[in-house]
Amino acid sequence: MSPASTILTPVQTESVLAGGAFVHLDGTLHGAFRTTDFASAARLVAAISEAADAANHHPEVSLGYGSVGIRLSSHDAGGVTERDLALALRCQELADAQGAERARPAPARYDVAIDSTDADAIRPFWQVGLGYVELDTADGIELVDPRGQGPKVWFQHMEIARTDRNRIHLDVYVPTSDAEERVQAIVEAGGVLLTDEHAPDWWVLADVEGNELCVCTTVH
């Protein structure tokens, strides 16, 4: 794999992106800018399009009234590479030159985890019920929304069925730089920190009735 196509981790990109409009989450750089009106947002999109053509590397761009959203990822490599980082910095230069404000996005990914002693036995129920499709991953077969809207469902294997806790919990993935703040906010909202032994990969929290939520990062 060439240096240009080497996948970068959030740890590797954090110092370069610090203080800017882009954050690294789930194999993608997410950026957002605010402008004064639709025309100024369209001009920024035009400038970004020209830069993307020059780099022969094209982001996903959303245009709204006074807003521009950018998602950068190297699909051929399966994550963020130097190409994405370079184009993100160029997009930021263009936005700064046009007086656009950095509207730091708050991207997140939500997954549903189901404890199971036999995932093959229960997966069809959830697949049909949710209208999802199977996705074969390195961690096993998961269920995903073909429309790309609903949360992923994955199955956590257990040898002995648990009866002392809820067997379905939620995972929320947030940027590494936001994770500790999110955990603290949850505790202040009445949550209980069950363990941080796996941090900064994930923290396990619960509400006062014991329903669990994991705050996760894609730190590696």
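The following exchange concerns the nonpolar cores, a strand pair and an annotated span of a predicted model. Local features require pLDDT of at least 70 and side-chain atom pairs pLDDT 80 or more, while totals for chains, interfaces and linings use all residues. Residues are numbered from 1 along each chain as its sequence is written, and side-chain values use heavy atoms, without hydrogens and water.

Reader: Which element supplies the largest share of the largest nonpolar core?

Author: A nonpolar core is a set of buried Ala, Val, Leu, Ile, Met, Phe, Trp, Tyr and Cys residues joined through side-chain atoms within 4.5 Å, where buried means under 20% relative accessible area (1.4 Å probe, protein chains only). This core has 24 residues, and those touching the most other members are Phe 22, Leu 29, Phe 33, Leu 44 and Ile 70. At least two residues each come from β2 (28–34), α2 (38–55), β4 (67–72) and α3 (82–97); helices (H or I, at least four residues) and strands (E, at least two) are DSSP runs numbered from the N terminus. The largest share, seven residues, belongs to α2.

Reader: Which residue in β8 stands opposite Leu 135?

Author: Strands β7 (residues 133–137) and β8 (residues 140–144) run antiparallel and are joined by five bridges, where pairing requires at least two bridges found by DSSP. They form a hairpin with two residues between them. Opposite Leu 135 stands Glu 142.

Reader: How far apart are the end C-alpha atoms of residues 112–216?

Author: An unreviewed UniProt entry annotates residues 112–216 as "domain: Glyoxalase-like", and such annotations may be inferred rather than shown by experiment. The span is 24% helix and 39% strand. Its end C-alpha atoms lie apart by 13 Å.

Methods: Buried < 20%, exposed > 50% of the residue type's maximum accessible area, 1.4 Å probe, protein only.
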